[in-house]
Structures are given as structure tokens and as C-alpha cells.
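Student: Hi! Could you walk me through this model before I head back to the bench?
Tutor: Happy to, let's have it up on the screen.

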There are 2 protein chains.
Amino acid sequence: MALTRDHVVATAVELLRRYGLADLSMRRLARELEVQPGAIYWHVASKQELLVEVAAALLAELPGVREEVPQSEALAGLVELATAVRAALAPVPDAADVVGMAYAAERGSVTALRELRGLVGRAGVPADACDAVTDLLVHHILGSVALEQNERLAQAGDAGGAGRDGAEVARSFAVGLEVIVRGLVAARVITS
Amino acid sequence: MALTRDHVVATAVELLRRYGLADLSMRRLARELEVQPGAIYWHVASKQELLVEVAAALLAELPGVREEVPQSEALAGLVELATAVRAALAPVPDAADVVGMAYAAERGSVTALRELRGLVGRAGVPADACDAVTDLLVHHILGSVALEQNERLAQAGDAGGAGRDGAEVARSFAVGLEVIVRGLVAARVITS
DNA sequence: ACCTGAACACCGTTCAAGT
DNA sequence: ACCTGAACACCGTTCAAGT
């Protein structure tokens with residue numbers, strides 16, 4: 001079967017899910033595809049470009065946001081989407097690094113995060129504060145994902161550790177999200 | 001002059017400041033110290049351990065927080081400290097990655113961030129929410145630092161770009177910080 | 001105690017040459 | 001158009017042997 005860009009990206013995603021970012025090298029990927037390392041560079045310009053595609057793929061399955069969301073539901077939709085993004089990334093090793101890098105390189109490269117920004121706008125955040133608020137939300141999501149994965153590793157270390165488990169990290173995330181949403185109103189970023 | 005752990009760390013910091021994380025390899029560091037790569041491993045167990053030391057060193061110069069801060073001043077002190085940390089890291093290439101990695105590996109490894117957590121507690125955040133709120137603040141700081149450095153790179157790319165400059169990123173950071181602080185009260189995390 | 005020399009097992013990327 | 005083979009310039013880490 002001939003190599004295609006989609007196949008390269010899909011295999012990279014699988015490698016990430018199974019073994020993490022450290023084992024997602026261009027050479028390892030080539031071995032998985034039963035091809036020489038140089039062959040990959042016909043379909044993808046660089047590892048950086050590949051990782052941006054991987055990040056997009058990780059969040060491509062999320063149900064899209066309805067086009068027309070009334071302002072009254074925008075904040076709730078925002079909380080829902082942020083929670084869904086966190087849940088989708090949490091089980092993927094090093095997902096926070098991969099998505100964080102893609103978002104830093106090009107904010108529009110990940111659909112779900114573009115939709116998040118749209119909801120921020122529709123919730124009433126003025127245009128000149130949209131980026132700041134979206135960044136705050138994205139960093140909260142990715143920080144929480146990274147944290148949960150770290151707890152998992154630490155817990156695997158000490159056998160019966162009293163470390164915070166996934167559910168507890170998810171609760172902390174919800175608290176932080178609530179703080180942000182309430183803060184938007186209290187700081188008069190949203191005048192409602 | 002005999003190599004010491006402090007000298008190794010200080011040289012690593014200098015390398016990071018001047019050339020960024022990509023050029024801070026154990027081998028490059030050894031060359032800078034005029035020593036064989038293996039020699040570094042007598043003073044430091046691994047690159048990971050070295051980077052944790054580097055992260056601590058980057059924020060070691062910050063003025064410490066007074067021990068006894070009344071609750072009425074804790075929130076203001078928190079904003080001040082967060083702003084100072086951001087300002088200290090902003091000019092250091094890849095500082096967000098280095099400090100983020102150290103914070104993820106061991107939350108107590110960076111003094112200034114430990115002090116931030118102390119202020120969160122003294123501001124009235126209950127013990128079981130301290131970590132969540134501190135994480136939110138730390139990720140906001142590091143996210144903003146990473147963003148500003150990205151803007152700088154993007155601006156260096158297109159000559160007279162309309163990209164957001166450092167001052168604008170700093171303003172966005174302040175907005176986010178205000179949202180968080182107000183949100184703490186509005187979400188009744190702090191009952192004041 | 002502290003360092004050298006040399007090795008082990010890897011990287012990302014490029015590119016002439018083949019099919 | 002798509003891929004191989006082979007090279008270039010690197011990595012982090014280990015460890016016997018030297019001083």
C-alpha cells in the first residue's frame with residue numbers, strides 16, 4: 001500500500017497513544033510504516049508540521065459546536081467544550097505538550113480550540129480581550145491534562161500512593177473553570 | 001579551576017539565556033566548560049535534574065515574600081508576585097518550558113512558586129483548593145511567557161508585522177490575572 | 001575524588017540515485 | 001511521483017581506566 005499523508009499522521013497518532021512523545025521519532029515512525037526515514041519527508045515537511053497534524057487529529061472527533069449559539073447559552077457551551085477537550089486529551093500521553101506546541105505555533109490549527117474562541121466571543125467578551133481569555137482557558141485545560149498524567153506516573157511509582165487520582169484532578173479543573181467564568185463577569189470583562 | 005555543581009548550573013543558565021533550550025545540550029555544555037561530556041555526570045545525575053536546577057536559578061533572584069502577610073494584603077501580594085515571575089521569565093528563551101517541566105516534576109522545586117502557593121492559602125483559599133488555584137495561576141504565567149516569546153519570533157519573521165508586542169501580551173496577562181482573582185471571590189472559593 | 005576516552009544506542013534532515 | 005541508501009551533524013548516558 002502506498003504511503004499517504006493521512007496514513008503517516010494516523011500512525012503517528014497511534015504511536016503517541018501507545019508509547020508517548022519520546023517514542024514518536026521520525027525513525028521509529030518510519031520503522032512502523034516499514035519505510036526508510038527519508039520517505040516520510042515526501043508527505044510531511046518536518047516533524048513540527050507532523051505534530052501539528054497529530055494535535056489536530058486528537059481533537060478532530062469532538063462533536064462540533066452548533067453554529068448559532070445564543071449569548072445565554074454561550075458560557076455553558078464554553079464550559080462543556082472545555083471539559084470535553086480535557087477529557088479527550090487526558091488519556092493520551094504527552095497530549096498537553098503536543099497540543100500546546102501546535103497552539104503556540106498557530107492558534108487556528110486546532111478546530112476545537114478555534115471553536116472555543118468563538119464561544120468566548122459569543123459570550124460577550126470584547127474582541128480585544130478574546131485572545132487573552134481563550135489563552136487562559138487553553139492553558140488551564142492543557143495544564144490540567146499534564147498534571148493528571150504526571151500524577152499517574154507518580155502513582156505508578158509508589159505502589160499504594162496517596163496521590164490525587166484522575167477524578168480529583170478533574171474536580172480541580174472544574175473549580176478552576178468556574179473561577180474563570182465567574183471572574184469574567186466580576187472583572188467586568190463581560191458586562192451582563 | 002575544578003568543576004562544581006554551581007558552576008555547571010550557572011553555565012547552563014547562561015547558555016539558555018543566550019541560545020535557548022535547543023542549544024542547551026549536555027555536549028554543548030561540556031564544550032563550554034572545556035570538559036568531556038561524561039564529566040558533567042559527576043556533578044549532576046541527569047539532564048532532567050540539571051533543568052530543575054536551572055529553573056530554580058532563573059527565579060532565585062526574585063525578592064522573597066515577607067513571612068507575615070495579613071489576609072487583606074495577600075491577594076495584592078499574589079498579583080505582584082505573579083507579575084514579577086512573569087517579568088523575570090519573559091526575556092529568557094524557552095523559560096516557560098524549563099520552569100513548566102520543573103513544576104510538573106516537583107511542585108516545590110521552585111521557591112517563588114512555592115511562595116505563590118503560600119499567598120494563595122493566606123488569601124483565604126481553603127486547603128483542598130490551594131493546588132488547583134496555584135496551578136491555574138502558574139499555567140497562566142507560563143502560558144503568557146511562552147506566548148510573548150512566540151510573538152517575538154513571529155515578528156522577527158515578517159518585517160513590520162502587526163503582531164502583538166510584549167507590552168500588549170503583558171496587558172493581556174494582567175486581564176487574565178484580574179479575572180482569576182475576581183473569580184475566586186465570585187465563585188465563593190474565597191468567602192470574604 | 002574527579003575526569004578522560006570511547007563506546008552504545010539513538011536523533012532530525014537532506015539528497016543523489018533509483019524505479 | 002515516490003522511495004531507497006547513505007550520509008551529515010548531532011543527541012543523552014554509561015563506564016572502565018586513568019590521575
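Tutor: We'll go from the fold of one chain to the contacts between chains and then to the DNA.

Student: Before we start, what kind of model is this?
Tutor: This is a predicted model, so please keep that in mind for every distance we discuss.

Student: Okay. How many helices and strands does chain A have?
Tutor: Chain A has nine helices and zero strands. Reading along the sequence, the pattern is α-α-α-α-α-α-α-α-α.

Student: And what does its C-alpha trace span?
Tutor: About 60 × 45 × 25 Å along the principal axes of chain A.

Student: How much of chain A is buried?
Tutor: Of the 192 residues in chain A, 44% are buried. As for contacts in chain A with a separation of 6 or more, 70% of them come from residues 24 or more positions apart.

Student: Which residues touch the most others in the largest nonpolar core?
Tutor: That core has 121 residues, and those touching the most other members include Leu50(A), Leu58(A), Leu89(A) and Val85(B).

Student: Let's stay with Leu89(A). What is it in contact with?
Tutor: Setting aside neighbours within four places in sequence, Leu89(A) is in contact with Leu58(A), Leu59(A), Ala95(A), Val99(A), Leu142(A), Val145(A) and Gln149(A).

Student: Now a charged one. Is Glu148(A) buried or exposed?
Tutor: Glu148(A) counts as buried because its relative accessibility is 10%, and the cut-off for buried is under 20%. Glu148(A) sits in helix H8 of chain A, residues 127-157.

Student: What does the side chain of Glu148(A) make a polar contact with?
Tutor: With the side chain of Arg86(A), at 3.1 Å. Not counting residues up to four places away in sequence, Glu148(A) touches Arg86(A), Ala90(A), Gly166(A) and Val169(A).

Student: How about Glu178(A), where is that?
Tutor: Glu178(A) is in helix H9 of chain A, residues 166-186. Its relative accessible area is 36%, so Glu178(A) is partly exposed. The C-alpha atoms of Glu178(A) and Arg117(A) are separated by 17 Å, with their positions 61 residues apart along the chain.

Student: And Asp6(A), buried or exposed?
Tutor: Asp6(A) is exposed, because its relative accessible area is 63%. You'll find Asp6(A) in helix H1 of chain A, residues 5-19. From C-alpha to C-alpha, Asp6(A) and Glu53(A) are 9.3 Å apart in space, although they are 47 residues apart in sequence.

Student: Switching topic: how many residues of chain A are in contact with chain B?
Tutor: 27 residues of chain A are in contact with 27 residues of chain B. The area buried between the two chains is about 2,100 Å², and carbon and sulfur atoms give 67% of that.

Student: Which three residues supply more than any other three of the area that chain A buries against chain B?
Tutor: Leu136(A), His139(A) and Val179(A), which together supply 25% of the area that chain A buries against chain B.

Student: On to the DNA. Which residues are closest to strand D?
Tutor: 15 residues surround DNA strand D, and the closest are His43(A), Met26(B), Arg27(B), Tyr41(B) and Lys47(B). Sugar and phosphate make up 60% of the atoms of DNA strand D within 4 Å of the protein.

Student: Which helices supply at least two residues each near strand D?
Tutor: Helix H3 (37-40) of chain A and helix H2 (26-32) of chain B.

Student: What contacts the phosphate oxygens of strand D?
Tutor: A side-chain N or O atom of Ser25(B) is 2.9 Å from a phosphate oxygen of DNA strand D. For Met26(B), a backbone N or O atom lies 2.8 Å from a phosphate oxygen of DNA strand D.

Student: And what lies 2.6 Å from a base nitrogen of strand D?
Tutor: A polar side-chain atom of Arg27(B).

Student: Then strand C. Which residues come nearest there?
Tutor: Of the 15 residues around DNA strand C, the nearest are Met26(A), Arg27(A), Tyr41(A), Lys47(A) and His43(B). A polar side-chain atom of Arg27(A) lies 2.6 Å from a base nitrogen of DNA strand C. On the phosphate side, a polar backbone atom of Gln36(B) is 2.9 Å from a phosphate oxygen of DNA strand C.

Student: Last one: how do the residues near strand C divide by class?
Tutor: Six nonpolar, six polar and three charged.

Conventions:
Residues are numbered from 1 along each chain as its sequence is written. Chains are lettered from A and ligands numbered from 1 in the order in which they are written. This is a predicted model: local features need pLDDT of at least 70, side-chain atom pairs count only at pLDDT 80 or more; totals for chains, interfaces and linings use all residues. Side-chain values use heavy atoms; hydrogens and water are left out. A residue is near a molecule or strand if one of its heavy atoms lies within 4 Å of it. A polar contact is a pair of N or O atoms within 3.5 Å; within protein, one must be able to donate a hydrogen and the other to accept it, and residues adjacent in sequence count only if both atoms are side-chain atoms. Helices (H or I, at least four residues) and strands (E, at least two) are DSSP runs, numbered from the N terminus. A nonpolar core is a set of buried Ala, Val, Leu, Ile, Met, Phe, Trp, Tyr and Cys residues joined through side-chain atoms within 4.5 Å. Buried means under 20% relative accessible area, exposed over 50%, partly exposed in between (1.4 Å probe, protein chains only). Contact means heavy atoms within 4.5 Å. Buried area is the accessible area (1.4 Å probe) that two parts lose on being put together, summed over both. Ala, Val, Leu, Ile, Met, Phe, Trp, Tyr, Cys and Pro count as nonpolar, Asp, Glu, Lys and Arg as charged, and the others, Gly among them, as polar.
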